[in-house]
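Trainee: Got a minute to go through this one with me?
Mentor: Sure. Put it up and ask away.

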Amino acid sequence: MKILLIDVYHYNKGGAETVYFNTGKMLEEQGQQVVYFALQWKENLPCKQKKYFPLSKGTRKGVFKNVINLINYFYYADAAKKIEELIIDEKPDIAHIHLLWGQISPSIFPVLKKYHIPIVFTIHDYRIICPAYCFKDGYNQICERCKGKNFYQCIIRKCTKGSYFLSLFMAGEQYFRNMFFNPAKNIDGLLYVSNFAKNMHEKYMPTLKGIPNITLHNFVIGNSINTQKRDTDKYFLYFGRLSSEKGIRTLLEAFKEQPDLKLKLVGTGPLENELKNFARIQKLSNVEFLGYKTGDLLNDLIENAFFVVVPSECYDNNPMSIIESYSVGTPVIGANIGGIPEIVIDDKSGYIFESANVNNLITCIDKASRISTDEYQQMVSECRRLAAEDFGRESYCNRLLEFYKQLLICK
């Protein structure tokens, strides 16, 4: 079988790209052929199919680039042209999309349909039913006012970065897409990475219930070979995007009340300077900002962490940070929101706290800091078991390939 994997980025920009690359590696190890389609970015990793990659907003040049970027947000004609060239040359059996909206655009749907290639779409976020993609409004509040169709609410609530213009743009794209490229009519199979996401999508776009679907929590490629975690330089760790919906301000507030406990933050984002200023003003000498890390440097930080904290204040779907932590035996303190409670087992693989509740988070952190060595090692063992059994690639791959075959038979 030859699988065409599609994503906006061909580098490790976020969780979706981690899954995109991991899926490709996993499929190739199982003897499948994999080809890729993405946009051109200066950060892109080497790829045999790069000649088919259309320009991105980051690599486009010229006087009219901003106008072209706006048009392409709705419909990217060159993406349709380039993917047709790839299809003619490579002849894939099935297409598996990870990220699409707003950059590649649904312009590729008719091309894939023309060549009778089934489309699998992994739901990494909520862009099919929420213009702002994460169910948060411009006032940083959880918002479900659009209800999958009333997208003007996005404008009223300034849901996109607190801007009326950007919110108008996002809402307009959503109306345009549903009118001309309705996901329920163009996608052949949906892969949900949490039951929460499946329920939300079917609640606000009931027509999606008619599409074959499967729920597969994200997986990890490998596991730590260390059987005992080090307890020197004990620290808590957050790694990911530094943005408001991730609850990092709440995390800093909690560690302000725990001055004897260390917190390390890895990542960059729009809230970075504000968070650093807060830490400086509050004299949080126990908090360290490490910037962007990747590869072995990041893996070592995760593996040597005492606990990883995922303090989300949005409907996080299935954070890769949790799965990656489990793979090296690091327990997780996670907020009880979105798909997080599905994969963090309270008192087993970590602790659950009420999202955005500083006092509740302080209680969890304090509880974690007082855990006995034996209890902690039991928790470490449970994390590794979950990584191997529930989030292992073999089970994931078998179920994914069966889903592909099911869609191919239907075509």
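**Helix H12 and onward**

Mentor: Start with H12, whose buried residues are Met320, Ser321, Ile322, Ile323, Ser325, Tyr326 and Ser327. Keep in mind that the model is predicted.

Trainee: How many of the residues of H12 are buried, then?
Mentor: Seven of the eight, with the helix covering residues 320-327. So H12 is largely enclosed by the rest of the structure.

Trainee: What comes just after H12?
Mentor: Gly329, with a positive phi of about 80 degrees.

Trainee: Back to Met320. Which residue in H1 touches Met320?
Mentor: Asn22, which sits in helix H1 and touches Met320. Asn22 also touches Phe219 and Ile221, leaving out residues up to four places away in sequence.

Trainee: Is Asn22 buried or exposed?
Mentor: Buried. Its relative accessible area is 16%, and the cut-off for buried is under 20%.

Trainee: And Gly24, where is that?
Mentor: In helix H1 too, which spans residues 15-29. Gly24 has a relative accessible area of 0%, so it is buried.

Trainee: What does Gly24 touch?
Mentor: Leu5, Val34 and Tyr36, again not counting residues up to four places away in sequence.

Trainee: How far is Gly24 from Pro106?
Mentor: In sequence, 82 residues. In space, 22 Å from C-alpha to C-alpha.

Trainee: New topic, sheets. What is the strand order in the six-stranded one?
Mentor: S9-S8-S7-S10-S11-S12. The sheet is open, and the pairing is parallel.

Trainee: Which strands are at the edges?
Mentor: S9, residues 287-291, and S12, residues 350-353. Each of these pairs on one side only.

Trainee: What's the twist?
Mentor: It averages 20 degrees from one strand to the next.

Trainee: How many bridges join S7 to S8?
Mentor: Five. S7 is residues 235-239, S8 is residues 262-266, and they run parallel. As one example, Tyr238 has Leu265 in S8 as its bridge partner.

Trainee: What holds strands together in general?
Mentor: Strands of a sheet pair through backbone hydrogen bonds, either parallel or antiparallel.

Trainee: Which strands does H9 lie across?
Mentor: S7, S8, S9 and S10, the last being residues 307-310. H9 itself is residues 248-256, and it runs at about 160 degrees to S8.

Trainee: Now S4. How many of its residues are buried?
Mentor: Five of the five, residues 119-123. That is why S4 counts as largely enclosed by the rest of the structure.

Trainee: Which way do the side chains of S4 point?
Mentor: Ile119, Phe121 and Ile123 point one way. Val120 and Thr122 point the other way, and all are buried. In a regular strand the side chains alternate between the two faces of the sheet.

Trainee: How does S3 join S4?
Mentor: Through three bridges, with the two strands running parallel. S3 is residues 94-97. Ala95 has Ile119 in S4 as its bridge partner.

Trainee: Switching to helix packing. At what angle do H2 and H6 cross?
Mentor: Roughly 40 degrees, and their axes come within 9 Å. H6 is residues 164-180. H2 and H6 are therefore oblique to each other.

Trainee: Which residues meet there?
Mentor: From H2, Leu70, Tyr73 and Phe74. From H6, Phe169, Met170, Gly172, Glu173 and Phe176. By class, the contact has six nonpolar, one polar and one charged residues.

Trainee: What about Asn72, buried or exposed?
Mentor: Buried, at 10% relative accessibility. Asn72 lies in H2, residues 65-74. Leaving aside neighbours within four places in sequence, Asn72 is in contact with Arg60, Gln103 and Ser105.

Trainee: Last one. How many disulfides?
Mentor: Zero, by a rule that asks for two cysteine sulfur atoms within 2.5 Å. For Cys130, the nearest cysteine sulfur belongs to Cys134 and is 6.2 Å away. Cys130 is buried, with a relative accessible area of 7%.

Trainee: And where is the nearest cysteine sulfur for Cys383?
Mentor: On Cys364, 14 Å away, and Cys383 is in no disulfide. Cys383 counts as buried, at 0% relative accessibility.

Technical notes: Residues numbered from 1 in each chain as written. Predicted model: local features only at pLDDT ≥ 70, side-chain atom pairs only at ≥ 80, totals over all residues. Heavy atoms only, no water. Helix = DSSP H or I, 4+ residues; strand = E, 2+ residues; numbered from the N terminus. Buried < 20%, exposed > 50% of the residue type's maximum accessible area, 1.4 Å probe, protein only. Contact = heavy atoms within 4.5 Å. Pairing = 2+ DSSP bridges. Axes fitted to C-alpha atoms, helices over the stretch in contact; angles between N-to-C directions. Parallel < 35°, antiparallel > 145°, perpendicular 65-115°, else oblique. Nonpolar A, V, L, I, M, F, W, Y, C, P; charged D, E, K, R; others polar.
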